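Thank you all for coming. I would like to spend a few minutes on charged side chains, and I will ask you to keep the structure in view while I talk.

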Amino acid sequence: MVARGASDLHLWTNLSMASEEPAPAAETPAADAPAPGGKRAIIVLVALALLAGGAYALYAFLKKPPEPPKPIVPDAPKQRQSREVPAITFTDVTTASGINFVHEQGLSGHKLLPETMGGGVAVLDYDGDGKPDILFVSGCAWPGYGEAKPALKLFRNLGNCKFEDVTAKAGLAVSLYGMGACVGDYDNDGRPDVFVSCVGKHRLFRNVNGERFEETTDAAGVGGAGDLPKATKDEFDNWKQPIPFGSSATFLDYDGDGKLDLFVCHYVTWSPSIDRGIVSSLVGGKRTYVQPKDMDAAQCALYRNVDGKKFEDVTATAGVLVAEKEGVGAADRLRAVGKSLGVTAWDADGDGFPDLMVANDMTRNFFFHNVPDGNGGRRFEEKGVYIGAAFADGGVPRGGMGIDWCEFAPGRCAAVIANFANEPVTVMEKDAKRLAFSDTALSVGLTGPTRAALKFGTFFFDYDNDGRLDLLVANGHIDPDIQSIQSSQSYAQPAQLYWNTGDPECYFEPVPAARGGADLFKPMVGRGSAFADLDGDGDLDVILVANGGPARVLRNDAPASNRSVRLHLHGDGTKSNRSALGAVVQVDAGGKTYTRTVTSGRGYLSQSELVLTVGIGTATKADKVTVRWPGTAGGTEVWTNLDAGKPHELKQGNK
């Protein structure tokens with residue numbers, strides 16, 4: 001979460017840099033020292049003289065003052081061939097829609113790391129009326145710091161992008177220090193359930209008849225390893241025992257048994273005492289948020305769905321436990337590696353089982369390859385280093401936050417990872433023929449334009465319905481005082497939108513406010529983000545979450561010249577999970593083919609809608625839709641002649 005280059009000024013810590021003069025080189029024999037006779041002595045003298053000269057040259061070099069670091073200069077606009085992007089306006093309809101969510105940081109005055117990392121958002125049709133509803137996730141007051149108010153807010157979609165707050169009615173007015181959420185029908189009853197990752201005990205909420213939610217955390221066994229303590233203010237400030245620090249999460253059926261499993265990211269090993277014990281200050285001694293590099297890593301968790309009611313923790317046995325030895329010999333210990341903030345699941349090798357890519361903050365990224373376990377089941381092998389997925393171009397860990405994956409051009413698939421300020425996004429493109437990755441951010445046009453901002457929420461979506469997936473990134477800095485020490489940065493930052501040109505010379509073109517509308521680019525302390533067709537007009541609207549501020553809903557006012565088909569997939573609950581997570585959909589329309597995957601949690605702390613909105617340009621229908629259902633017995637089905645401009649329910653085994 002912090003850039004390593006000197007240009008970033010190590011903004012988390014004291015920025016005064018004192019150059020230490022290196023110690024003088026060791027003395028060498030003088031050139032006129034007595035020497036033994038003979039040719040051998042002459043050779044020794046010559047060698048000693050050369051050594052002396054080299055040592056002196058090295059000493060003189062080291063005594064020179066260090067050169068100032070060269071600043072990172074983003075690609076100049078003239079260095080990239082710009083393309084004219086479509087004029088499609090995003091309009092802020094937050095107030096008009098009835099959305100009034102404000103994220104709560106739970107500020108303690110100590111600048112505790114979780115306070116600056118939330119919050120998330122999830123889109124789900126909880127009542128089954130065909131309209132996407134919105135769940136926001138917030139923090140709350142820390143123990144001893146005041147009343148812990150409800151941290152979740154559920155808004156029911158009334159139609160035409162109008163919402164009502166149904167949090168209490170739906171049973172979600174609960175207090176927790178939430179981070180993010182993901183959605184999936186884990187009990188296969190046809191209703192989407194919700195998992196909320198937290199600082200402290202995670203929460204699982206089962207959807208009851210599309211009317212309300214009941215908490216099933218303890219019965220399901222997915223709460224994690226601890227909770228926030230019941231403590232006074234002073235007790236909490238000095239609490240030493242580590243408290244789970246959850247981040248992004250996603251549902252997936254990793255073993256293909258038709259039941260949804262759960263993968264949960266954890267950020268760092270954290271407690272108030274650990275946090276406050278780290279010296280982290282700006283110039284002048286004012287405390288700032290600590291660097292993740294100063295904290296121990298944490299482990300992700302994998303929960304296998306046993307029977308639709310209970311999960312078992314298979315983190316270790318299924319290969320998700322990632323640790324490295326510290327020290328040498330019998331006394332060495334294993335330490336966690338990942339500082340995980342984002343996760344996305346997709347079938348990278350096309351074998352019918354979902355793999356996982358995890359964005360880690362200042363440590364190497366993970367790629368969990370789904371493989372047979374030798375006993376008829378499945379497990380993961382973490383092989384990010386071996387297949388080129390662990391590091392961006394340059395081989396140095398970056399500050400990974402949000403992550404998403406897509407096929408951004410025919411036959412070209414990649415995961416994008418949102419990185420820290422003065423670091424471009426990482427574009428981990430998969431080799432077309434084998435399971436190998438390389439960073440192609442520069443070649444697709446994203447290195448320069450994405451470098452400056454501090455990036456969190458990110459996702460691919462087709463905002464103009466031309467069939468090509470575009471990219472949105474939500475930005476915002478960590479510390480409110482950043483501009484006082486780095487004038488090029490600001491706390492609130494505008495989101496960035498990149499239009500997919502379809503041109504291999506430069507796939508992604510930045511969208512200026514003049515073409516996308518000023519509302520989308522209004523600065524905010526951006527964190528989570530999601531998309532959905534909130535008003536039912538066939539194009540995708542955007543939801544942005546601000547850390548410590550109000551969320552925003554932006555309506556997509558795209559013209560009707562391009563069309564889409566809306567595909568809502570329903571697994572049968574036996575061969576495939578009801579949510580159809582992991583289903584791969586191929587749409588043939590107007591002589592072109594588009595591939596999409598039904599995905600749970602993605603981006604940063606967030607979940608976009610599960611209904612697929614597939615842009616098909618000027619075509620009037622999808623000639624053929626091919627669905628490869630998830631699960632070992634999922635199979636493939638084909639639908640034909642699906643009209644554009646309307647939703648289609650695709651039910652497994654019930655065409």
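Let me begin with a question: is Asp-351 buried, partly exposed or exposed? Before I answer, please keep in mind that what you see is a predicted model. The answer is that Asp-351 is partly exposed, with a relative accessible area of 35%.

The partner of Asp-351 is Arg-378, and the two form a salt bridge in which the closest N and O atoms are 3.4 Å apart. Because Arg-378 sits in strand 19, residues 378-382, while Asp-351 belongs to the loop between strand 16 (340-346) and strand 17 (355-360), this pair ties together parts that are 27 residues apart in sequence. On the arginine side we have a buried residue, since the relative accessible area of Arg-378 is 13%, and buried here means under 20%.

Let me step back to the whole model, in which 36 salt bridges are found. A second one joins Lys-201 to Asp-218, with 2.7 Å between the closest N and O atoms. Here Lys-201 lies in the loop between strand 7 (193-198) and strand 8 (203-208), and Asp-218 lies in helix 3, residues 217-220, so the pair ties together parts that are 17 residues apart in sequence. As for accessibility, Lys-201 counts as partly exposed at 22%, whereas Asp-218, at 59%, counts as exposed.

A third salt bridge is formed by the side chains of Asp-557 and Arg-555, with an N to O distance of 2.6 Å. Asp-557 is partly exposed, its relative accessible area being 31%, and Arg-555 is likewise partly exposed, at 28%.

There is also a network of salt bridges, which links Asp-127, Asp-129, Lys-131, Arg-156 and Glu-164.

I would like to turn now to an aspartate and its contacts with the backbone, namely Asp-439, which is found in strand 23, residues 437-439. Which backbone nitrogen does the side chain of Asp-439 reach at 3.0 Å? That nitrogen belongs to Val-427, and a polar atom of the same side chain of Asp-439 lies 3.1 Å from the backbone nitrogen of Asp-393. If we leave aside residues up to four places away in sequence, Asp-439 touches Ala-392, Asp-393, Arg-398, Thr-426, Val-427 and Met-428, and that list includes Asp-393 and Val-427, the two residues whose backbone nitrogens I have just mentioned.

I will stop there and take questions.

How values were computed: Residues numbered from 1 in each chain as written. Predicted model: local features only at pLDDT ≥ 70, side-chain atom pairs only at ≥ 80, totals over all residues. Heavy atoms only, no water. Helix = DSSP H or I, 4+ residues; strand = E, 2+ residues; numbered from the N terminus. Polar contact = N/O pair within 3.5 Å; in protein donor to acceptor, adjacent residues only side chain to side chain. Contact = heavy atoms within 4.5 Å. Salt bridge = Lys/Arg side-chain N within 4 Å of Asp/Glu carboxyl O. Buried < 20%, exposed > 50% of the residue type's maximum accessible area, 1.4 Å probe, protein only.
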